[in-house]
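Colleague: Could you take me through the pockets in this model, one step at a time? I'm new to this, so plain words please.

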Amino acid sequence: MKSLWKRMAGGMEKTRNRLANGIEDLIKRRPKLDDSFYEELEELLIVSDVGPQLSEELVQTVRERARQERVQDGEQLTALLGRVIIELLGGPSNGDSCIPKPNPESLHVISVIGVNGVGKTTTIGKLALRYQAEGHRPLIVASDTFRAAASEQLEVWGQRAGVEIVKSQSGADPGSVAFDGIQAARSRHATVVFVDTAGRLQTNANLMGELQKIHRVLDKAHPGAPHEVLLVLDAVVGQNGLSQAQSFRDAVGVTGLVLTKLDGSARGGSILPIRRKLGTPVQWIGIGEGINDLEPFEPEAFVEALLKPTGAAIP
Ligand code: GDP
């Protein structure tokens with residue numbers, strides 16, 4: 001089995017090519033840590049989708065700390081940049097994941113939200129398989145009754161993961177499907193329920209209202225539910241999806257982020273401003289279209305995958 005770092009580094013090759021190789025080249029060209037070095041470092045962060053404001057802030061912090069810690073060369077500086085980014089992401093994980101561990105004795109409900117096309121369905125399939133492998137009994141509830149293809153697609157993923165799904169006629173009330181889903185989960189002794197939700201309605205207000213309603217119904221059917229609200233974001237869209245993400249967060253609250261398509265994009269850096277602006281931890285990352293292409297997000301592994309040049313030896 002490949003190490004987490006290897007899998008993440010493989011998935012994030014495009015991001016790494018841009019940022020890590022760019023820094024390596026910068027260090028060779030400008031061995032002195034002067035104004036021009038820091039200017040170019042800031043530009044590299046900006047083109048890696050860290051965003052102008054955060055790039056400036058990071059470089060200022062790194063520059064100040066480099067002075068205090070008497071950092072002499074580019075390699076030490078890269079390591080320092082890595083530490084600063086880990087702090088921004090919520091500090092070292094010390095092996096502890098920020099992902100909640102559902103109690104196998106009770107029903108844990110996870111609502112999965114995000115606009116269409118970001119990878120919600122795929123992520124639910126991947127997560128269901130993962131939870132199943134960890135000994136849980138997952139159930140998938142297809143509450144996106146607005147998109148005809150949504151529940152069929154979900155069914156395909158359910159079959160791939162070997163997980164049952166609860167669905168209804170297209171056009172049925174999403175809230176009643178959510179309610180039925182909880183009843184079904186009880187009678188089938190499921191321990192983890194994934195609720196797929198709509199990603200687009202006529203207006204943003206309708207969409208947010210619908211999600212709030214589903215969450216109210218879930219809470220009625222099973223007090224305390226949903227226990228997790230995962231917002232799925234597409235790394236290719238990067239920061240352009242931020243304002244939509246903020247409306248989801250404001251309307252229903254978000255407990256964790258899933259960033260998908262990190263394999264296909266050079267925009268892995270966008271995790272940083274997204275994490276900062278939403279103030280919500282990134283819990284999972286999607287690094288491919290296959291059912292196993294999901295990893296828990298770990299700041300240290302992410303920073304290595306971001307900053308270690310492509311040519312560097314993989315431990
Ligand atoms: P939904 O509309 O949000 O449910 O999105 P889907 O789950 O249907 O995914 C939309 C597209 O994104 C599909 O073609 C998926 O194969 C693709 N996709 C989802 N996650 C990933 C990922 O981590 N990496 C890549 N490369 N593609 C992904």
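Modeller: Sure, and keep in mind that this is a predicted model. Helix H5 is a handy place to start, since H5 gives the most to the lining of the largest pocket, with 6 residues. That pocket holds about 340 Å³ of space. Its lining is made up of 16 residues, and the ones nearest the centre are Glu75, Thr78, Leu307, Lys308 and Pro309. Besides H5, which runs over 74–88, helix H2 (13–29) and helix H12 (299–307) each bring at least two residues to the lining. Sorted by class, the lining of the largest pocket comes out as 8 nonpolar, 2 polar and 6 charged residues.

Now for the second largest pocket, with about 290 Å³ of space. Here 19 residues form the lining, and Gly117, Val118, Gly119, Thr122 and Lys261 are the closest to the centre. Helix H6 (120–133) and helix H7 (148–161) each supply at least two of the lining residues, and H6 has the largest share, with 5 residues. The class count for the second largest pocket reads 2 nonpolar, 11 polar and 6 charged.

So where does the ligand go? The space that the ligand takes is the second largest pocket. Around the ligand you'll find 17 residues, with Gly117, Thr121, Thr122, Asp263 and Glu289 the closest. H6 turns up again here, as it gives the most to this shell, with 4 residues. By class, the shell has 3 nonpolar, 8 polar and 6 charged residues.

Let's zoom in on some backbone atoms. In glycine 117, a backbone N or O atom lies 2.7 Å from an oxygen atom of the ligand. For valine 118, the distance from a backbone N or O atom to a ligand oxygen is 3.3 Å, and for glycine 119 the matching value is 3.0 Å. As for how covered the ligand is, on its own it exposes 590 Å², and the protein buries 82% of that.

One last spot is a cavity rather than a pocket. The count gives 1 cavity of 30 Å³ or more, and the largest cavity has a volume of about 40 Å³. Its lining consists of Ala142, Asp144, Thr145, Arg147, Ala148, Ser151, Ser168, Gln169 and Ser170. Split by class, that makes 2 nonpolar, 5 polar and 2 charged residues.

Methods:
Residues numbered from 1 in each chain as written. Predicted model: local features only at pLDDT ≥ 70, side-chain atom pairs only at ≥ 80, totals over all residues. Heavy atoms only, no water. 1 Å grid on protein atoms, 1.4 Å probe; cavity = no way out; pocket = protein on both sides within 12 Å on 5 of 7 lines; lining within 4 Å. Points joined across faces, edges and corners; volume = space filled by probe spheres on them. Nonpolar A, V, L, I, M, F, W, Y, C, P; charged D, E, K, R; others polar. Near = heavy atom within 4 Å. Polar contact = N/O pair within 3.5 Å; in protein donor to acceptor, adjacent residues only side chain to side chain. Areas by Shrake-Rupley, 256 points an atom, 1.4 Å probe, with all protein chains shown as cover. Sits in = over half its atoms within 2 Å of the grid points.
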